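Work through the exercises below with the model open. Try each task before reading its solution.

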Amino acid sequence: LLVSKELGKHLLEVEDLLQKHGLLEADIAAQTERVRALNAAALRFSELEGYQPCDPQIICNRVNHVQTCLEELGELAGKRRKELEDSRQLWGFFQEMEEAEAWIREKEQILAAKTCGRDLSSVLTLTAKHKSMLGELGNRRALLHQTVKKGEQILAKKRFSPGAIQEKMREVRQRWKKLEEVTGLHQQRLQEALNFFQFSAETDDLVAWLQDTYRIVSSDDFGHDDYSTQALLRKHRAVVEEVEKHRAAILALRKQLSLLAPEHRQGVDVQIRVVEVEQLYGEVAEVAVLRQQWLQDALAVYRMFSEVHACEVWLDEKEQWLEKMEVPEELDEVEVVQHRFESLDQEMNSVMGRVLDVNQVVQQLVDGGHPSSEEVRSCQDHLNGRWNRVVELVEQKKTQLSSILKIQNYLL
């Protein structure tokens with residue numbers, strides 16, 4: 001049993017042989033104790049005084065022979081265990097290599113069947129799974145390194161033929177290298193797909209924002225008075241600031257597109273999409289400028305109407321006063337009226353400045369092609385007519401006062 005050359009043809013068989021060898025070693029250990037007892041009993045016969053049933057030398061020789069046989073048996077058992085353990089190490093190495101190959105084949109099949117996703121959500125899911133597989137790859141790499149180290153230790157012992165061991169390590173290393181290349185390539189493709197779908201999602205978000213903003217800046221609501229128009233203008237200025245902030249993102253689209261993988265950036269659809277976003281942004285920016293101008297014009301119109309109303313209230317009041325006023329003939333009363341006209345001249349100078357400002361605003365609105373130009377012009381004409389009417393009345397009354405003063409001075 002101990003000189004058998006049977007070392008097993010696979011790991012399970014070696015384990016079975018080691019188990020049987022363990023039983024044999026246990027039996028040898030038990031027999032060792034028996035032999036020691038028998039040897040000790042036999043040696044006592046060699047030490048007897050007087051009658052000796054056997055030659056002491058024969059007893060000693062016999063004891064030594066049995067002891068030598070027992071020691072040889074122990075050496076054979078140790079040698080047999082060493083051979084079996086070496087065999088177990090060898091077949092354990094091959095089994096671990098086969099497990100590594102099986103794991104590599106499984107991952108190769110998974111990578112061969114994997115796609116890169118159809119949208120951002122699926123790509124993110126696949127990326128998470130791939131990250132998990134990279135963790136498995138790292139753990140398996142460490143195990144493979146340990147197995148290869150075991151193979152190198154087996155080769156160093158020179159107990160078995162190195163050909164099969166070296167060939168197996170070479171095959172597994174090649175397959176492992178190829179797996180890492182495929183894994184790296186798939187990771188690159190996933191990253192490229194992720195970049196593309198993120199780019200597409202960001203572009204879609206920009207388009208949605210631009211479309212909403214376009215609806216806002218193309219509104220035909222310009223307010224109905226000074227207060228409401230000012231509120232709209234404040235909101236619009238905030239929108240214009242947002243439009244300007246997005247300018248950098250629009251300008252960066254071309255650069256982002258150039259960084260995508262060729263298969264993604266060369267697509268006609270994505271190139272058209274970028275052009276559409278740029279055009280839409282240009283339209284939004286243009287319409288935003290126009291709306292700001294329209295709001296400012298509307299504000300100018302409402303302020304002009306307010307100013308016109310204030311001027312006409314004053315003109316109406318003075319016109320009624322002038323029409324009802326009768327020039328007195330008494331000198332004292334004439335002087336009082338004359339003082340009133342001096343105050344009126346100061347007021348008219350102030351109002352004349354306001355009327356001139358209204359005329360200037362109207363001219364700017366008309367020159368700018370304001371849609372309410374006719375209404376504004378009509379309001380201007382009405383104001384100027386009222387102003388001229390009051391000026392005429394003032395001149396008439398002043399002429400009458402002047403005549404009365406001349407008469408009074410002549411009489412004096």
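**Exercise 1.** Which side chain of opposite charge is nearest to arginine 80, and how far away is it?

*Solution.* The model is predicted. Start with location: arginine 80 lies in helix H2, residues 56-113. Next, check burial: arginine 80 is buried. Then look for a partner. The nearest side chain of opposite charge is glutamate 83, 4.5 Å away. A salt bridge needs a side-chain nitrogen within 4 Å of a carboxyl oxygen. Arginine 80 has no salt bridge. Finally, list its surroundings, leaving aside neighbours within four places in sequence. The contacts include Leu1, Leu2, Ser4, Lys5, Glu6 and Leu7, as well as Leu17 and His21.

**Exercise 2.** Is valine 3 buried or exposed?

*Solution.* Place the residue: valine 3 sits in the segment before helix H1 (11-45). Its relative accessibility is 59%. The cut-off for exposed is over 50%, so valine 3 counts as exposed. Now look at its patch. Val3 joins Leu73 and Leu76 in a nonpolar surface patch, with about 240 Å² of accessible area together.

**Exercise 3.** Which helix supplies the largest share of the largest nonpolar core?

*Solution.* Count first: the largest nonpolar core has 28 residues. Phe199, Leu210, Ile250 and Leu253 have the most contacts inside it. Then assign helices. H3 (120-157), H4 (162-217), H5 (226-245), H7 (253-258) and H9 (268-324) each supply at least two residues of this core. H4 gives the largest share, ten residues.

Zoom in on leucine 253. Leaving aside neighbours within four places in sequence, leucine 253 contacts Phe199, Thr203, Leu206, Val274 and Val277. A second, separate core has 25 residues, among them Val308, Val337, Val358 and Trp387.

Methods
Residues are numbered from 1 along each chain as its sequence is written. This is a predicted model: local features need pLDDT of at least 70, side-chain atom pairs count only at pLDDT 80 or more; totals for chains, interfaces and linings use all residues. Side-chain values use heavy atoms; hydrogens and water are left out. A nonpolar core is a set of buried Ala, Val, Leu, Ile, Met, Phe, Trp, Tyr and Cys residues joined through side-chain atoms within 4.5 Å. Buried means under 20% relative accessible area, exposed over 50%, partly exposed in between (1.4 Å probe, protein chains only). Helices (H or I, at least four residues) and strands (E, at least two) are DSSP runs, numbered from the N terminus. Contact means heavy atoms within 4.5 Å. Patches are made of residues with over 30% relative accessible area and no salt bridge: like charges are joined within 9 Å, nonpolar side chains (Val, Leu, Ile, Met, Phe, Trp, Tyr) within 5 Å. Accessible areas come from the Shrake-Rupley method with a 1.4 Å probe; for residues, only the protein chains shown count as cover. Lys and Arg count as positive and Asp and Glu as negative; His and the chain ends are not counted.
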